[in-house]
Amino acid sequence: MNVVVCDAIRARRLLRFVYDGYERVVEPHLYGVNSAGHESLSGWLVSGWSASDPEPGWRTYLVDQMRDTAALAAGFGGTREGYNPNDSRMERIYCRIDE
């Protein structure tokens, strides 16, 4: 379990990391183990770049592929539309924002 990710979720702080070679800043919402057995993070992309979709929105990241992960001082207010704290893709939840 990644303590930095859980701490950021609990404190509602933005999370910065490098993924696929690009820096991302996300509002982390849900972290656990997905149905394939991988630790994953569901969050709202605030800034950064994504080859698949550069627009802000929901993304899922494999935690073992996140590099230089850090919680930022900046926070965020609450959950985004479409957030599901009981996402069926997660077999085990380590931490999440409770609505």
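What follows is a walk through the fold of this protein and a few of its residues. The model is a predicted one.

Let's start with the overall build. The protein has 1 helix and 6 strands. Reading from the N terminus, the order is α-β-β-β-β-β-β, with the helix ahead of the strands. The radius of gyration comes out at 12 Å, close to the 13 Å that the globule rule gives for 99 residues, so the protein is as compact as a globular protein of that length. Along the principal axes, the C-alpha trace spans about 30 × 30 × 25 Å.

As for what is tucked away and what is on show, buried residues account for 39% of the 99 residues. The protein exposes about 5400 Å², and 45% of that area is supplied by carbon and sulfur atoms. On the charge side, there are 11 positive and 14 negative side chains. The centres of these two sets lie 4 Å apart.

Contacts across the chain come next. Taking contacts between residues at least 6 apart in sequence, 57% join residues that are at least 24 apart. Trp 58 gives a feel for this at the level of one residue. Trp 58 sits in strand β4, which covers residues 57-62, and is partly exposed, with a relative accessible area of 27%. Leaving aside residues up to four places away in sequence, Trp 58 touches His 29, Ser 42, Gly 43, Trp 44, Arg 80, Glu 81, Gly 82 and Tyr 83. Pro 28 is 30 residues from Trp 58 along the chain, yet their C-alpha atoms are separated by 9.9 Å.

Asn 84 offers another example of chain segments meeting in space. Asn 84 is found in the loop between β5 and β6, the latter being residues 90-96. With a relative accessible area of 39%, Asn 84 counts as partly exposed. Its partner here is Leu 30: the two are 54 residues apart in sequence but 8.6 Å apart in space, C-alpha to C-alpha.

Aromatic rings get together too, and the structure holds 6 aromatic pairs. One of them joins Phe 17 and Tyr 19 in an edge-to-face arrangement, with 6.3 Å from centre to centre and 80° between the planes. Phe 17 and Tyr 19 are both buried. Add Tyr 61, and Phe 17, Tyr 19 and Tyr 61 form one aromatic cluster.

Finally, there is the backbone to look at. Most residues other than glycine have a negative phi. Asp 20 goes the other way: this residue is not a glycine, but has a positive phi of about 50°. Asp 20 lies in the loop between β1 (13-19) and β2 (22-34). Is Asp 20 buried or exposed? Asp 20 turns out to be exposed, because its relative accessible area is 55% and anything over 50% counts as exposed.

Asp 68 is another non-glycine residue with a positive phi, in this case of about 55°. Asp 68 has its place in a strand, namely β5, residues 67-75. The relative accessible area of Asp 68 is 55%, so this residue is exposed.

How values were computed: Residues numbered from 1 in each chain as written. Predicted model: local features only at pLDDT ≥ 70, side-chain atom pairs only at ≥ 80, totals over all residues. Heavy atoms only, no water. Helix = DSSP H or I, 4+ residues; strand = E, 2+ residues; numbered from the N terminus. Rg over C-alpha atoms; globule rule 2.2 N^0.38 Å. Buried < 20%, exposed > 50% of the residue type's maximum accessible area, 1.4 Å probe, protein only. Contact = heavy atoms within 4.5 Å. Areas by Shrake-Rupley, 256 points an atom, 1.4 Å probe, with all protein chains shown as cover. Lys, Arg positive; Asp, Glu negative; His and termini not counted. Charge placed at Lys NZ, Arg CZ, Asp CG, Glu CD. Phe/Tyr/Trp six-rings, centres within 6.5 Å; stacked < 30°, edge-to-face > 60°.
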